[in-house]
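Student: I have a new structure open and would like to learn how to read it. Could you take me through its features one by one?

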Amino acid sequence: MSKPVVLIAEELSPATVDALGPDFEIRNVDGTDRPALLAALADANAILVRSATKVDAEAIAAAPKLQVIARAGVGLDNVDIKAATTAGVMVVNAPTSNIISAAELTVGHILSLARHIPAAHSALAQGEWKRSAYTGVELYEKTIGIIGLGRIGALIAARLQAFGTEVIAYDPYITAARAQQLGVQTVSLDELLSRSDFITIHMPKTPETTGMISTEQLAKMKPTAYVVNVARGGLIDEDALYEALASRQIAGAGLDVFVSEPPRESPLLSLPNVIVTPHLGASTDEAQEKAGVSVAKSVRLALAGELVPDAVNVAGGIIDPYVRPGIPLVEKLGQLFAGLADAAITSLDVEVHGELVDYDVSVLKLAALKGVFTNVVSETVSYVNAPLLAEQRGIDVRLITDGISPEYRNVITLSGALADGRQLSVSGTLTGTKQIEKLVGVNGYEIEVPIATIHLVMEYTDRPGIVAIYGREFGDAGINIAGMQIARREAGGQALSVLTVDSPVPAEVLERVREAIDADVLVEIDITE
């Protein structure tokens with residue numbers, strides 16, 4: 001069989017290719033050459049890009065085999081995420097690859113502003129010895145205001161505290177406990193603006209945050225204060241910033257990002273109290289290598305149909321380590337549910353009971369859907385297209401959480417309805433230090449069976465001799481029963497038997513057993529790892 005094709009559209013580190021490994025056919029194309037890109041996408045299963053290649057709706061439409069778009073970096077402005085999701089294509093990036101580089105660049109801008117390093121260098125390089133002209137200030141005992149105390153903001157706080165500064169922050173989504181852990185005082189935006197000697201902004205760019213630092217906010221800053229933006233262009237209103245700098249309303253600014261890049265016509269470039277860099281936040285060897293290796297690993301997972309934590313168009317985001325072991329369990333429960341369903345599924349509830357409800361378990365809904373469709377549809381099922389497959393089939397899917405789990409620490413149940421009105425349910429849990437995957441319920445019957453590769457599920461009227469009948473039939477056919485459990489609600493009533501067998505059972509053997517025990521249900525379910 002031919003290897004999946006991974007298209008590399010921009011220059012990436014050699015470590016990126018090494019991380020992909022030998023399982024793929026690597027092809028290269030100039031992503032800025034549009035005709036060449038569209039032609040190369042025809043056979044691509046994955047594409048790796050940086051910022052120059054536009055993977056828009058047209059490009060996605062030209063790639064019928066495409067399963068994953070990988071951006072070796074943080075920003076995704078060049079990827080049409082909506083078009084990708086509609087096409088069932090996963091989009092991944094490397095959200096943590098540049099956080100150290102961005103934090104260090106921010107500190108570099110602050111130090112450069114405090115000590116006028118770029119201007120002093122430029123003057124000396126031109127033969128001018130102007131020591132008195134570039135008298136600066138110490139960071140010691142200054143107040144640093146951080147707008148946005150996320151991962152980068154937290155790294156900056158830690159680094160600047162080492163200078164003996166007081167760090168305050170504005171972030172409406174940070175808890176007081178988390179800020180306290182970081183040694184940072186949270187304040188209102190107005191207080192941060194009025195108190196800070198240096199202000200650095202680290203917010204995502206949204207309609208709400210665009211221009212959040214404008215004329216009104218700049219007017220509240222000290223005349224000796226500096227502002228730094230290495231996050232996203234447009235968070236600071238550039239026209240308002242120009243006026244504040246030109247009039248010396250504030251002391252200076254350090255900018256790595258701009259509304260329009262490159263900012264050739266920006267009047268900010270002409271001001272002596274502005275330090276500018278050409279969007280260097282992620283421009284370190286280490287960040288580029290981390291980004292490439294990270295997305296290469298994501299591509300491997302995506303093409304294997306596995307969960308990719310850095311997929312931006314998959315609900316669930318980063319998966320908590322306590323939740324992660326439940327993902328393969330729920331996938332297998334989905335396969336068991338689909339195996340029992342001999343009519344179209346119209347609804348599916350993913351019920352999470354127990355301690356897990358204290359965590360974000362939204363990924364378990366995706367895992368359930370992936371399991372349900374794994375052996376149902378012809379195309380490869382992923383965490384991206386599984387919800388689309390459910391939507392296309394009119395399946396109503398819900399995630400239900402309940403902290404009560406009387407028998408086990410956690411139980412996950414998939415319950416739903418079929419088109420003929422019947423109800424189905426399967427329940428599973430993880431037990432012991434080895435986290436053994438067990439099936440603990442089928443259609444209301446309580447059992448405890450380790451989940452294996454092949455299971456037979458039988459429902460019949462309980463009566464003496466049943467086990468001997470099907471045991472003899474399977475034995476005569478050379479089918480070894482590796483495990484078995486029987487459950488019933490009452491003597492002489494309906495009984496459920498779940499068998500684990502070592503090999504597939506021929507259809508004719510299943511039919512003989514069905515007739516011999518007069519089974520209401522007899523189904524073989526193969527679990528795909």
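Tutor: Gladly! Let us start with one term: a residue is buried when its relative accessible area is under 20%, exposed when it is over 50%, and partly exposed in between. Keep in mind that this is a predicted model. With that cut-off, buried residues make up 50% of the 529 residues in the protein chain.

Student: What helices and strands does the protein chain have, and how spread out is it?

Tutor: There are 17 helices and 22 strands in the protein chain. Its radius of gyration is 30 Å, well over the 24 Å that the globule rule gives for 529 residues, so the chain is more spread out than a compact globule. You can also look at the C-alpha trace, which spans about 105 × 55 × 35 Å along its principal axes. As for the surface, the accessible area comes to about 24,600 Å², and 51% of that belongs to carbon and sulfur atoms.

Student: How do I read burial for a single residue?

Tutor: Compare its relative accessible area with the cut-offs. Ser101, found in helix H5, has a value of 9% and is therefore buried, being under 20%. Leaving aside residues up to four places away in sequence, Ser101 touches Gly281, Thr284 and Ala287.

Student: Is Ala176 buried or exposed?

Tutor: Ala176, which lies in helix H8, counts as exposed because its relative accessibility is 59%, over the 50% mark. Here is a distance to try in your viewer: from Ala176 to Ala491 is 59 Å, C-alpha to C-alpha, and the two are 315 residues apart in sequence.

Student: How should I read a whole helix?

Tutor: An α-helix has 3.6 residues a turn, so residues three or four places apart point the same way. Now take helix H7, residues 151-161: its buried residues are Gly153, Ala154, Leu155, Ile156, Ala157 and Leu160.

Student: Which elements do the buried residues of H7 pack against?

Tutor: They pack against two helices, H5 (99-115) and H8 (176-181), and against strands S6 (143-147), S7 (166-170) and S9 (198-201).

Student: And what should I look for in a strand?

Tutor: In a regular strand the side chains alternate between the two faces of the sheet. Strand S18, residues 445-450, has a covered face made of Tyr445, Ile447 and Val449, while Glu446, Glu448 and Pro450 form the uncovered one. In strand S4, residues 68-71, Val68 and Ala70 point one way and Ile69 and Arg71 the other way, yet all are buried.

Student: Which strands pair with S4, and in what sense?

Tutor: Strand S3 (residues 46-49) pairs with S4 in the parallel sense over four bridges, and Leu48 stands opposite Ala70. Three bridges join S4 to strand S5 (residues 90-92), again running parallel. There, Val68 has Met90 as its bridge partner.

Student: Where can I see an antiparallel pair?

Tutor: Go back to S18: four bridges join it to strand S17 (residues 436-442), and the two run antiparallel. The bridge partner of Val442 is Tyr445. S17 and S18 form a hairpin with two residues between them, and Asn443 in the turn has a positive phi of about 50°.

Student: How many charged side chains are there?

Tutor: The protein chain has 41 positive and 66 negative side chains, and the centres of the two sets lie 5 Å apart.

Note on methods: Residues numbered from 1 in each chain as written. Predicted model: local features only at pLDDT ≥ 70, side-chain atom pairs only at ≥ 80, totals over all residues. Heavy atoms only, no water. Buried < 20%, exposed > 50% of the residue type's maximum accessible area, 1.4 Å probe, protein only. Contact = heavy atoms within 4.5 Å. Pairing = 2+ DSSP bridges. Rg over C-alpha atoms; globule rule 2.2 N^0.38 Å. Areas by Shrake-Rupley, 256 points an atom, 1.4 Å probe, with all protein chains shown as cover. Lys, Arg positive; Asp, Glu negative; His and termini not counted. Charge placed at Lys NZ, Arg CZ, Asp CG, Glu CD.
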